[in-house]
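Visitor: I should like to learn how to read the features of a model such as this one. May we begin with the whole chain and then turn to a single element?

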Amino acid sequence: MTLSAHGANHPVEGAGQSVQGLALGWLQLFQLISANLPVGSFTYSQGLEWAVEAGWVKGADGFEAWLTDQVDESLVCLDWPLLKRLHQAALAADEPALEHWTQLLLASRESEELRLEETQRGQALCRVLKDWALSDGPLPTCLSSSQLAGFAWAGARLGLNLEQLALGWGFALIESAVMAGIKLVPLGQQAGQGILRRVSGRLPAQLATAWALADDELGGGLPRLAIASSCHEIQYTRLFRS
């Protein structure tokens, strides 16, 4: 609405608050998906460090293919469908369902290192959520086992919708991987930006696939990632925690 020079016209009551609430929601989402705060995801490479050393990933094209596989076979087929179920459980305050889907997620992380990463990032996020005081009571215990569970629960408490959460989670995953790729492959900043734009640009069209999966269809299929992560656990020299 256009305001007159004398301020005679006023926006509809409540409209300003709703716009402010939407903006605040986005800002809180950006904080939750930050690679630096609260969970330090920039310190993990998801097995990429060993894959580069072993020669499985070479150059920008090889890295983009590696990352695209992660999105198609893990994000779309596992993380996003579980995010949907965790978010629904959080909205319903259904702690047994939260626990069930969290345990399925942990069981689907195929190496000790990947499970440890999930738990470490979950614990870091829980410390932030306690400070945010989003609940009158204690946080559900399963949140400290999984970053994804904490992310879904926080999104439900903050009024963020599922699409916002899914795209934020997907972008954060891709951005963290690109940051690792820039150091390890190595890639130039411009090449990294190009990969980030192309791979993240595929996300909106893949949401429908993730939402349509039934419970018995959930699960990733990335044996090379599992092998790379397992080998990274005993890699002699490494920069990343996973």
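Visitor: In what order do the elements of the protein chain run from the N terminus on?

Guide: The model is a predicted one. From the N terminus on, its elements run α-α-α-α-α-α-α-α-α-α. The protein chain thus holds 10 helices and zero strands. Its radius of gyration is 20 Å, close to the 18 Å that the globule rule gives for 242 residues, so the chain is as compact as a globular protein of that length.

Visitor: What does the C-alpha trace span along its principal axes, and what share of the residues is buried?

Guide: The C-alpha trace spans about 70 × 45 × 35 Å. Of the 242 residues, 50% are buried. Among contacts with a separation of 6 or more, 75% join residues 24 or more positions apart.

Visitor: How far apart are the end C-alpha atoms of helix 6?

Guide: A helix is expected to rise 1.5 Å a residue, so the 12 residues of helix 6 (residues 147-158) should span 16 Å; the end C-alpha atoms are 16 Å apart, which agrees.

Visitor: Is helix 6 mostly covered or uncovered?

Guide: In general, an α-helix has 3.6 residues a turn, so residues three or four places apart point the same way. In helix 6, 11 of the 12 residues are buried, including F151, W153 and L158.

Visitor: What is found at the start of helix 6 and just after it?

Guide: At the start, a side-chain oxygen of S146 reaches to within 3.2 Å of the backbone nitrogen of L148. Just after helix 6, G159 takes a positive phi of about 80°.

Key. Residues are numbered from 1 along each chain as its sequence is written. Side-chain values use heavy atoms; hydrogens and water are left out. Helices (H or I, at least four residues) and strands (E, at least two) are DSSP runs, numbered from the N terminus. The expected span of a helix is 1.5 Å times one less than its number of residues. Buried means under 20% relative accessible area, exposed over 50%, partly exposed in between (1.4 Å probe, protein chains only). A polar contact is a pair of N or O atoms within 3.5 Å; within protein, one must be able to donate a hydrogen and the other to accept it, and residues adjacent in sequence count only if both atoms are side-chain atoms. The radius of gyration is taken over C-alpha atoms; the globule rule is 2.2 Å times the number of residues to the power 0.38. Contact means heavy atoms within 4.5 Å.
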